[in-house]
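This report walks through one protein structure, from a few single residues to the chain as a whole. Please keep the sequence and the 3D view open while reading.

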Amino acid sequence: MATVKCALKKRGEPTHEWNDGIKDRIYCRGWLDPMTDAPLSECLACPDYVDKAQDDLEAFYRNRPESAEKE
């Protein structure tokens, strides 16, 4: 969510994944290994990597108060 300093010193392309009603949740698409076209291990370990967006979204809805879910 654009809060972590990149281990590679330069973040990848930003991506807007979801909005919690107050602010946008921005993640990083990371960098690819040019030999394999797979994400770098540093990117996979980063909490701001785009693959972590779904986990954060599910955690957000799990932690919402009951009254907000009924509205």
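Is Phe60 buried, partly exposed or exposed? Phe60 has a relative accessible area of 26%, so Phe60 is partly exposed. Buried would require a value under 20%, and exposed a value over 50%. The model is a predicted one, and every value in this report is computed from it.

## Overall layout

The protein chain contains three helices and two strands. In sequence order the elements follow the pattern β-β-α-α-α. The chain has 71 residues, and 18% of them count as buried. Its accessible surface comes to about 5,400 Å², with 54% of that belonging to carbon and sulfur atoms. Among contacts in the chain with a separation of 6 or more, 34% are between residues 24 or more positions apart.

## The two strands

Strand S1 covers residues 14–19, and strand S2 covers residues 24–28. The two run antiparallel and are joined by five bridges. Together S1 and S2 form a hairpin, with four residues between them. Gly21 sits in the turn of this hairpin and has a positive phi of about 95°.

Across the hairpin, Trp18 stands opposite Arg25 in S2. Trp18 has a relative accessibility of 9% and therefore counts as buried. Arg25 is also given as buried, because its relative accessible area is 14%, and the limit for buried is under 20%. The side chain of Arg25 makes a polar contact of 2.4 Å with the side chain of Asp20.

## Aromatic rings

A pair of aromatic rings is described by two quantities, the distance of the centres and the angle of the planes. How many aromatic pairs does a search of the whole structure find? The search finds two. In the pair of Trp18 and Phe60, the ring centres are 5.3 Å apart and the planes are at 50°, so the pair is tilted. This pair links distant parts of the chain: Trp18 belongs to strand S1, Phe60 belongs to helix H2 (residues 53–62), and they are 42 residues apart.

The other pair is formed by Phe60 and Tyr61. Their ring centres are 5.3 Å apart and their planes are at 75°, so this pair is edge-to-face. The reasoning rests on the angle: planes over 60 degrees apart count as edge-to-face, planes under 30 degrees apart count as stacked, and the rest count as tilted. Tyr61 has a relative accessible area of 41%, which means that Tyr61 is partly exposed. Ring pairs thus link Trp18, Phe60 and Tyr61 into a cluster.

## Asp48 and Arg11

Where is Asp48 placed? Asp48 lies in the loop between helix H1 (41–45) and H2. At 2% relative accessibility, this loop residue counts as buried. Asp48 and Thr3 are 45 residues apart in sequence, but their C-alpha atoms are 7.2 Å apart in space. A polar atom of the Asp48 side chain lies 3.0 Å from the backbone nitrogen of Val4.

Arg11 is found in the segment before S1. Its relative accessibility is 28%, so Arg11 counts as partly exposed. The side chain of Arg11 reaches the backbone oxygen of Val4 at 3.1 Å. A polar contact of 3.3 Å joins the side chain of Arg11 to that of Asp48. Val4 is thus approached through its backbone nitrogen by Asp48 and through its backbone oxygen by Arg11.

## Pro39

Pro39 is placed in the loop between S2 and H1. With a relative accessible area of 28%, Pro39 is partly exposed. Leaving out residues up to four places away in sequence, Pro39 touches Trp31, Leu32, Leu44 and Tyr49.

## Separations along the chain and in space

The table sets the sequence separation of three residue pairs beside the distance between their C-alpha atoms.

| Residue pair | Separation in sequence | C-alpha distance |
|---|---|---|
| Asp48 and Thr3 | 45 residues | 7.2 Å |
| Arg11 and Trp31 | 20 residues | 8.1 Å |
| Pro39 and Arg29 | ten residues | 8.9 Å |

Methods: Residues are numbered from 1 along each chain as its sequence is written. This is a predicted model: local features need pLDDT of at least 70, side-chain atom pairs count only at pLDDT 80 or more; totals for chains, interfaces and linings use all residues. Side-chain values use heavy atoms; hydrogens and water are left out. Rings of Phe, Tyr and Trp (its six-membered ring) pair if their centres lie within 6.5 Å; planes under 30 degrees apart count as stacked, over 60 as edge-to-face and the rest as tilted. Buried means under 20% relative accessible area, exposed over 50%, partly exposed in between (1.4 Å probe, protein chains only). Contact means heavy atoms within 4.5 Å. Accessible areas come from the Shrake-Rupley method with a 1.4 Å probe; for residues, only the protein chains shown count as cover. A polar contact is a pair of N or O atoms within 3.5 Å; within protein, one must be able to donate a hydrogen and the other to accept it, and residues adjacent in sequence count only if both atoms are side-chain atoms. Two strands pair if DSSP finds at least two bridges between them.
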